[in-house]
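Thanks for coming. I have one structure to go through today, and I will keep to what can be computed from the atoms.

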Amino acid sequence: MLLRPATATPNEFERATNPPGGGAPPALRRSSSPPPFPVQLPRWRHHVFLNFRGPDVRRAFADHLYHALLRKGINAFRDDRDLPRGENITEAIPRAIEESRFSILVLSRGYASSAWCLDELVKILTCAKEMGHQPFPIFYNLSPDQISAPSSPSGYYKHDFDRHKKEYWLVNG
């Protein structure tokens, strides 16, 4: 078995997605064998929680990523697909993060402009610290150095972080 949701180590996901010698990772190669994940998740309800800003990537990259994960037998949670109608989103999203073993964060140029994305990011990082949740960032049409220093005047997220900080202090000040 490639990954066991309840016991996966930080390096197992990396080895599964970046095999030595290049080529397609073993988990993504076509084969007649069953998917690498068990049908029942012992501790986790979802293998992966997808975190992204909808207007930036929903109908392109996120759709392709979500369907590729499903084809491989990976139970991925995506709010517009897996949130039951009528369920309270402010309770359901944090619960879905807690019930997921991994998160894939698709960091796009507009990601930090979304308070929802940042709230989810805080929950993901809290679960990583307290529950062993594993976040994996994907930088979509930008590089890590373009956002890595929020205090940098040229960082894509600086304006958004400043705006969110101001709004937070006005509400909670």
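I will start with the chain as a whole, then take one helix, the cores, the aromatic pairs, one polar contact and a backbone angle.

First, a caution: this is a predicted model. Please hear every value that follows as belonging to a prediction.

The overall layout. The chain has six helices and four strands. Going along the sequence, the order is α-β-α-β-α-α-β-α-β-α. There are 173 residues, and 37% of them are buried. The exposed surface of the chain comes to about 10500 Å², with carbon and sulfur atoms supplying 55% of that area. As for contacts, take those between residues at least 6 apart in sequence: 70% of them join residues at least 24 apart.

Now helix α4, residues 89-98. Which of its residues are buried? They are Ala92, Ile93, Ala96 and Ile97. Viewed down the axis of α4, these buried residues fall within an arc of 135 degrees, so they line one face of the helix. The general background is that an α-helix has 3.6 residues a turn, so residues three or four places apart point the same way. What covers the buried residues of α4? The cover includes strands β1 (46-52), β2 (76-77) and β3 (100-107), along with helices α3 (79-82) and α5 (115-131).

That brings me to the cores. The largest nonpolar core has 16 residues, and the members touching the most other members are Phe49, Ile97, Leu107, Tyr111 and Tyr157. Three elements give two or more residues to this core, namely α4, β3 and α5. Of these, α5 provides the largest share, with four residues. Ile97 has now come up twice, as a buried residue of α4 and as a member of this core.

Tyr157 is another member of that core. Setting aside neighbours within four places in sequence, Tyr157 is in contact with Leu107, Ser108, Arg109, Tyr111, Ala112 and Ile147. There is also a second, separate core of 14 residues, and among its members are Ala62, Tyr66, Ile74 and Phe136.

Next, the aromatic rings. How many aromatic pairs does the structure hold? It holds three, and I will describe two of them. In one pair, the ring centres of Phe61 and Tyr140 are 5.3 Å apart and the planes are at 40 degrees, so the pair counts as tilted. Phe61 sits in helix α2 and Tyr140 in the loop between β4 and α6, so this pair ties together parts that are 79 residues apart in sequence. Phe61 is partly exposed, at 26% relative accessible area. Tyr140 is also classed as partly exposed, at 23%.

The other pair I want to show is Phe102 with Phe136, also tilted, with 5.6 Å from centre to centre and 45 degrees between the planes. Here strand β3 contributes Phe102 and strand β4 contributes Phe136, and the two are 34 residues apart. Both of these phenylalanines are buried. Phe136 is the residue I listed a moment ago in the second core.

Now the polar contact. Asp63 lies in helix α2, residues 54-71, and Arg81 lies in helix α3. Their side chains are joined by a polar contact of 3.2 Å. Is Asp63 buried or exposed? At 15% relative accessibility, Asp63 counts as buried, because the cut-off is under 20%. Arg81, at 39%, is partly exposed.

The surroundings of these two residues, leaving out anything up to four places away in sequence, are as follows. Asp63 touches Val57, Arg58, Arg78 and Arg81. Arg81 touches Arg59, Asp63, Tyr66 and His67. For Arg81 and Tyr66, the separation is 15 residues in sequence and 9.8 Å in space, C-alpha to C-alpha. Tyr66, like Phe136, is in the second core.

Last, a backbone detail. Asn141 has a positive phi of about 60 degrees, although it is not a glycine. Where is Asn141 found? It is in the loop between β4 (134-139) and α6 (158-172), the loop that also holds Tyr140. At 56% relative accessibility, Asn141 counts as exposed, since the cut-off is over 50%.

That is the end of my notes.

Technical notes. Residues numbered from 1 in each chain as written. Predicted model: local features only at pLDDT ≥ 70, side-chain atom pairs only at ≥ 80, totals over all residues. Heavy atoms only, no water. Buried < 20%, exposed > 50% of the residue type's maximum accessible area, 1.4 Å probe, protein only. Arc of directions from axis to C-beta. Contact = heavy atoms within 4.5 Å. Polar contact = N/O pair within 3.5 Å; in protein donor to acceptor, adjacent residues only side chain to side chain. Areas by Shrake-Rupley, 256 points an atom, 1.4 Å probe, with all protein chains shown as cover. Core = buried A, V, L, I, M, F, W, Y, C linked by side-chain atoms within 4.5 Å. Phe/Tyr/Trp six-rings, centres within 6.5 Å; stacked < 30°, edge-to-face > 60°.
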